[in-house]
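Trainee: Please take me through one part of this model in detail. Pick a spot in the interior and work outward from there.

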Amino acid sequence: QVQLVESGGGLVQPGGSLRLSCAASGSIVSINDMGWYRQAPGKQRELVAQLTRRELTYYTDAVKGRFTISRDNAKNTVALQMNSLKPEDTAVYYCNANLMPVGRDIYLDYWGQGTQVTVSS
């Protein structure tokens, strides 16, 4: 059984920093893309940053230059370093992994449980 477990998040003042981490565990054959989504109250879930297995990155415009995504393929982990945080970054952040579990021959999307990030003075 595959699980994505997130850590980090919390309350931070505007201009501050936070680091989110996510570890994929269980019976995994291979992981393709890993990334972070967020969902603010009353809004749709949006892709924040994504990193492919070949180290290609994507950032939504709102976070470019402030957030950095990284991953450790050997440990099946992905992290999101968030700097210069703004109140509009407040949301629940979800880890996502597109992976092939043992016993299947296709890639499937798995999600973490979500972690709250609140940026407020």
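Mentor: Start with a pair of cysteines: Cys22 and Cys95 are both buried. This is a predicted model, and every value below is computed from it. The two residues are joined by a disulfide, with 2.1 Å from S to S. The structure holds one disulfide, and this is that link. Its handedness is left, with -80 degrees about the S-S bond. What does the link connect along the chain? It joins distant parts: Cys22 belongs to strand 3 and Cys95 to strand 9, 73 residues apart.

Now look at what packs against the pair. Leu4 is a good guide. Counting no neighbours within four places in sequence, Leu4 is in contact with both Cys22 and Cys95. Ala23 and Ala24 are also on its contact list. So are Asn96, Ala97 and Leu99. Four further partners, Tyr110, Trp111, Gly112 and Gln113, complete the list.

Leu4 also has a place in the nonpolar interior. The largest nonpolar core has 30 residues, and Leu4 is one of those with the most contacts inside it. The others named for this are Trp36, Phe67, Ile69, Leu80, Met82 and Tyr93. Which strands supply at least two residues each to this core? Strand 3 (18–25), strand 4 (28–39) and strand 5 (46–51) do. Strand 7 (67–72), strand 8 (77–82), strand 9 and strand 11 (115–119) do too. Strand 9 gives the largest share, five residues.

Stay on strand 9. Asn96 is located there, in the run of residues 91–101. Is Asn96 buried or exposed? Its relative accessible area is 3%, so Asn96 is buried. A polar atom of the Asn96 side chain lies 3.4 Å from the backbone oxygen of Tyr110. Beyond its neighbours within four places in sequence, Asn96 also touches Leu4, Asp33, Met34, Gly35 and Tyr37. Asp109, Tyr110 and Trp111 are in contact with Asn96 as well.

Two of those partners, Tyr37 and Trp111, bring us to the aromatics. The count of aromatic pairs comes to one. Tyr37 and Trp111 form that pair, edge-to-face, at 4.9 Å centre to centre and 65 degrees between the planes. Tyr37 lies in strand 4 and Trp111 in strand 10 (residues 108–111), so the pair ties together parts that are 74 residues apart in sequence. How do the two partners rate for exposure? Tyr37 has 19% relative accessibility, and counts as buried because the cut-off is under 20%. Trp111 has 35%, and counts as partly exposed.

Arg45 meets the ring of Trp111. The charged end of Arg45 sits over that ring, 4.8 Å from its centre. Arg45 also lies over the face of Tyr94, at 3.8 Å from the ring centre. One residue, then, has its charge over two rings.

Further out is Lys43. Lys43 is in the loop between strand 4 and strand 5. Lys43 is exposed, with a relative accessible area of 58%. Its C-alpha atom is 9.5 Å from that of Ala91, although the two residues are 48 apart in sequence.

Go back to strand 3, home of Cys22. Leu18 also lies in this strand. At 15% relative accessibility, Leu18 counts as buried. What does Leu18 touch, not counting residues up to four places away in sequence? Gly9, Gly10 and Val12 are among its partners. Leu80, Gln81, Met82, Leu85 and Val117 are the others. Leu80 and Met82 came up earlier, as residues with the most contacts inside the core. Leu18 and Val29 are eleven residues apart along the chain, yet their C-alpha atoms are separated by 31 Å.

Finish with two backbone details in the loops. Most residues other than glycine have a negative phi. Glu55 is not a glycine, and its phi is positive, about 70 degrees. Glu55 is in the loop between strand 5 and strand 6 (57–59). Asn76 also has a positive phi, near 55 degrees, and is other than glycine. Asn76 sits in the loop between strand 7 and strand 8. With 22% relative accessibility, Asn76 counts as partly exposed.

Methods
Residues numbered from 1 in each chain as written. Predicted model: local features only at pLDDT ≥ 70, side-chain atom pairs only at ≥ 80, totals over all residues. Heavy atoms only, no water. Helix = DSSP H or I, 4+ residues; strand = E, 2+ residues; numbered from the N terminus. Buried < 20%, exposed > 50% of the residue type's maximum accessible area, 1.4 Å probe, protein only. Polar contact = N/O pair within 3.5 Å; in protein donor to acceptor, adjacent residues only side chain to side chain. Contact = heavy atoms within 4.5 Å. Core = buried A, V, L, I, M, F, W, Y, C linked by side-chain atoms within 4.5 Å. Disulfide = S-S within 2.5 Å. Phe/Tyr/Trp six-rings, centres within 6.5 Å; stacked < 30°, edge-to-face > 60°. Lys NZ or Arg CZ within 6 Å of the ring centre and 35° of its normal.
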